[in-house]
Each structure stands twice: as structure tokens, then as C-alpha cells.
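Colleague: I should be grateful for a close look at the enclosed cavities of this protein. Please describe what surrounds them, and add a few words on the cysteines.

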Amino acid sequence: MAREYLTHWFVAGVIVTGFTPDHWVANVFHAVKLDSLRGAFIEYQFLAIYIGATFLILDVVVRNRKRQTETPAAAAPVIETAAPIPAMVNDDAEDIEGKPSIAVLPFVNMSDDKSQEYFADGMTEDIITGLSCDSRLFVAARNSTFAYRGLSPDIRTVGKELGVRYVLEGSIRPLNERLRITVQLVETATGAHIWADKIDRPTAEIFDVMDEVVDSLVTTLCANLGVAEANRAGRQRPEDLQAWALCVQAEVLFFSQFDPKTLLEAEKLARRATEIEPGYAASWALLACIASLQIVYMPSGNVVKDSEQALSLVNKALRLAPNDPVVLGYCGAAAAWAGQAAQGIDYLERSLALNPNSGFSRLGYGSAFVFSARYTEAVAQLQLFIRRSPKDPYLGLTYSQLAFSYLGLVDPEQAEQAARNSIKYAPGMPGAYLVLALTLRALRRDAEAQAEIQKIHQLEPGMTRQQWEDYWQYTTPAELSAGMIKLLRKTWRD
């Protein structure tokens with residue numbers, strides 16, 4: 001930097017000398033008694049001007065060329081500082097390296113009474129949620145771990161399939177008004193037991209027990225670092241244990257299989273929970289999510305009315321628990337699927353900030369980008385969900401959303417692969433066949449596209465093209481809906 005300024009001053013000095021007025025020069029030479037040299041100096045004034053101008057031109061040319069050849073990395077920090085991107089948007093599988101990784105297997109119900117199964121399921125879900133709220137941990141998605149429900153898998157196999165270093169397993173035995181709980185933490189590479197505990201407490205204290213287990217686990221996994229209490233404090237606890245139990249049973253159904261019959265059964269349980277405890281936000285949020293998913297699975301005859309109903313449930317849930325990460329996740333996904341993608345993105349970003357390991361929130365986040373026509377971001381989030389939750393029952397829906405994203409990016413080859421994966425994981429979902437038909441039409445394979453439309457008619461004889469047109473027009477931006485509807489009309493000929 002100093003050399004740069006010296007060059008500037010030298011050039012300026014040379015040029016100024018060249019333009020020095022004659023009477024100034026005469027006075028200077030007279031003062032030093034060198035009048036005889038004055039004529040020679042004046043001849044060199046013109047030479048100084050030329051030299052200074054030449055230096056100046058060369059300086060400008062060299063500096064411009066240097067700027068053009070500088071690497072983009074030099075400017076990157078300025079861009080990042082001016083417009084920081086939320087960490088969760090850039091989340092990637094590499095981020096989990098170096099973090100303690102854990103999968104919580106479904107707790108075993110040791111009671112002979114199968115109606116008490118919800119204690120084990122609820123214990124498992126709440127421990128997963130509690131651990132997920134600590135960003136220092138990588139926690140396997142709930143739906144992937146529940147794929148082992150009712151099984152006795154080899155811990156080493158679980159570690160390889162889910163990519164985790166530790167597995168937590170446990171059992172729960174409701175006995176009269178008390179709960180007997182055992183938990184153990186196992187290292188997947190060696191099968192060695194790292195930590196274990198036995199707890200015997202009154203049934204009414206089940207939520208305190210969950211917190212104790214989470215605290216002990218995080219202390220063990222994170223070298224005595226505490227849990228992110230501020231995040232977990234946002235979770236709303238129900239006052240009525242029966243309402244909580246019904247909501248847990250509804251969630252187990254909701255996440256076990258993606259089809260209308262299962263969703264309807266889950267809806268009945270969640271609604272009963274709201275009747276028992278109207279102030280329990282998780283039940284209302286789950287109802288909102290179920291209502292929106294029913295529209296996605298099979299567009300209704302009145303998409304505006306059904307979407308407004310889902311959004312009304314969203315608002316009710318968030319009034320009751322605006323900072324609960326699970327409630328925010330359900331409500332964000334519901335808002336996106338019901339036509340309010342921008343609102344859904346806001347809720348889901350808040351949910352993921354509190355619970356960065358939530359698989360369902362990640363799926364909803366990717367879907368919200370699809371409905372916002374932000375396809376590149378949608379692909380990144382949906383692929384991340386697939387990597388983190390390889391056994392998820394919602395993979396069919398995920399691949400369907402991924403296929404629509406690739407169509408939006410004008411990449412029909414990738415869209416076809418994603419659409420076929422959607423059918424593989426959700427063979428009963430009409431939308432999977434529809435996106436494949438649209439993809440095949442985009443690839444100019446019209447006969448194959450028509451065969452997929454016929455499969456839709458076989459699955460749902462009463463479904464019409466107009467239902468899909470109405471849904472897209474209501475839920476997606478004009479630039480997305482117009483293109484999709486145009487392609488749809490070429491593919492589905494009523």
C-alpha cells in the first residue's frame with residue numbers, strides 16, 4: 001500500500017513540474033543565481049509532461065488487468081457478510097462429521113397390556129425430540145428408527161444402516177401408578193455398553209423422567225456439556241396424560257404409513273386429544289398437518305375450503321405454543337401444502353433452528369421451496385432428508401416433490417428417476433404416477449405417459465384433471481402452475 005502511494009506522488013510531482021509557470025521558474029533560478037540554466041530547464045518541462053503521462057497510463061492499465069485476474073475468493077467474505085445465509089439452509093451431510101451421532105430405538109413395552117404401548121412410543125419420541133434440540137448432536141430421524149419397532153436388530157447393523165456411532169435402547173413397564181424404565185447406550189462399532197440407568201417413578205412424572213434421560217445422555221455424549229435448555233423449554237407439556245397418550249398414538253399412525261386410511265385414523269385420535277385438552281397445541285398442529293396432507297395425497301373437490309380449514313388449525317396451534325419446535329414443524333409443513341409456502345418457510349426455519357435434526361421439518365422445508373418455485377433449494381433439502389432418513393415411510397412423498405423440482409429445473413431425466421422412486425415407496429399415491437406421466441410427456445414418450453394416466457384412473461376412478469389444476473393454481477406461484485397445467489393438459493386428455 002505504501003509503495004502504491006509513492007508511485008502516485010512521483011507521477012503527480014513529475015506532471016506538476018512540467019506545468020510549472022515560467023515566472024515561477026525564473027524567480028527560482030534567479031534566487032539561486034543560475035539564470036543561465038533557465039532555458040535548458042524549460043526545454044525539459046515538455047519531456048517531464050510526457051514522462052508523467054506515460055507513467056499514469058501504464059499504472060491504470062496494469063491495475064485494471066490485476067483486478068480482472070484476481071480470484072473470486074477474495075470478494076467472497078464481503079458477500080457473506082452483506083447477506084448471510086441461515087446455517088440450516090446450507091445444512092449438509094458433511095456437517096454431522098465430528099458430532100456424536102445417535103439413534104434412539106423404539107422403547108420396548110414390557111407390560112402384558114398392549115394398550116400401554118403409547119408409554120413406550122411416547123418415551124421414545126420425546127427423547128428423540130429432546131436430543132434433537134441440541135445442535136451439537138446428530139440424531140437419526142424418528143421415522144427411520146421406528147422402522148425397527150417390534151424387532152431385535154443387531155446394533156452393529158443399525159449403526160451401519162443409519163450411519164450413527166451410538167444407539168440408545170430401553171424398555172418401560174407401567175405397573176399400577178408407577179413406571180419402571182431401563183435405558184442403555186451402546187457403541188455401534190464394538191457393541192460395548194457406554195452408559196445405563198434404571199428409573200422407578202410415578203406415572204405422573206413421566207415428563208420429568210424423559211428430561212432426566214436426555215440430560216444424562218447429552219452429558220455422556222458431549223463430554224459434560226449441558227443440554228440446550230432454552231430450546232427444550234419451548235416444548236409445551238400437556239396437563240392431561242390421556243390427551244398426550246392419544247396424540248402419541250396419532251403420531252405413530254401418522255408416521256407409520258402415508259395413505260388416506262391411516263391419515264383418517266390418526267385424525268380421529270388427534271381430534272379426541274383436542275376434546276380432552278383443548279389447550280394442547282401439538283394435537284391441533286397434527287390435525288392441521290393431516291388436513292393439508294390429505295389435500296396433497298388426493299386433491300379435493302374444494303381445495304380453497306379445505307386449505308382454509310388447515311390454515312385455521314395452524315393459527316390455533318401457534319396461538320397456544322408459538323415456540324414449540326414440533327408444533328412449528330407441523331404447522332410449517334401444513335402451511336406450505338395448503339397454499340402458504342412463504343409462511344411455511346418462516347415456521348419451518350424457526351422449527352429447524354430449535355430442532356435441527358427434525359426429519360419431518362426438513363421434508364416440509366423442502367416441500368415449501370417446491371411450492372415457492374425455488375427448485376435448487378428444494379432439491380438440496382429433499383436430498384438431505386433422504387440421506388438422513390433412509391427408512392422413512394414418507395420417502396414416496398419426498399421423491400414426488402423431488403421429481404416436481406427437477407421438472408421445474410427442466411431436468412426430465414432426473415425427474416423420471418425420482419418419480420419412479422416415488423412409485424416404489426408409495427405405490428398407492430396417485431400423485432406419484434402423475435408426476436411420472438408429466439415427466440414422460442416432457443421426454444416425448446407419450447405412449448408411456450398415457451399408460452401412467454391409466455394407472456391413476458385404476459387407483460382413483462373419480463379423480464379428474466381439473467382437481468389437479470385447481471390445486472396447483474391455488475397452492476403454487478403463477479410461473480409454476482401455468483407451466484405444469486400446460487404440460488398436464490397435453491398429458492391428461494379428458
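Modeller: The following account takes the cavities in turn and then moves to the cysteines and one strand residue. The model is a predicted one, and every value below is computed from it.

Two cavities of 30 Å³ or more are present in the structure. The largest has a volume of about 190 Å³. Its lining comprises 16 residues, and those closest to the centre of this cavity are F371, Q401, F404, Y471 and W472. Four helices each supply at least two residues of this lining: helix 16 (359-371), helix 18 (395-408), helix 22 (465-475) and helix 23 (478-491). Helix 18 makes the greatest contribution, with four residues. In chemical terms, twelve of the lining residues are nonpolar and four are polar, while no charged residue takes part.

The second largest cavity has a volume of about 60 Å³. Strand 3 (138-139), helix 16 and helix 17 (375-388) each give at least two residues to its lining. Helix 16 therefore deserves attention on the display, as a contributor to the lining of the largest cavity and to that of the second largest. The residues around the second largest cavity are F138, V139, A140, A141, P356, N357, S358, G359, R362, F385 and R388. By class, this lining divides into six nonpolar, three polar and two charged residues. The largest cavity, by contrast, has no charged residues in its lining.

As to the cysteines, the structure holds zero disulfides. C289 is in no disulfide, and the nearest cysteine sulfur, which belongs to C331, lies 8.3 Å away. A disulfide requires two cysteine sulfur atoms within 2.5 Å, so a separation of 8.3 Å does not qualify. C289 counts as buried because its relative accessibility is 0%, and the cut-off for that class is under 20%. C247 is also buried, since its relative accessible area is 1%.

One further residue may be examined in the same manner. L168 is located in strand 4, which covers residues 166-175. With a relative accessibility of 0%, L168 counts as buried. Its C-alpha atom is separated by 9.6 Å from that of T124, although the two residues are 44 residues apart along the chain.

Technical notes:
Residues are numbered from 1 along each chain as its sequence is written. This is a predicted model: local features need pLDDT of at least 70, side-chain atom pairs count only at pLDDT 80 or more; totals for chains, interfaces and linings use all residues. Side-chain values use heavy atoms; hydrogens and water are left out. Buried means under 20% relative accessible area, exposed over 50%, partly exposed in between (1.4 Å probe, protein chains only). On a 1 Å grid over the protein atoms alone, a cavity is a set of points where a 1.4 Å probe fits but cannot get out, and a pocket is an open set with protein on both sides within 12 Å along at least five of seven lines; lining residues have an atom within 4 Å of a point. Grid points are joined across faces, edges and corners, and a volume is the space filled by probe spheres set on the points. Ala, Val, Leu, Ile, Met, Phe, Trp, Tyr, Cys and Pro count as nonpolar, Asp, Glu, Lys and Arg as charged, and the others, Gly among them, as polar.
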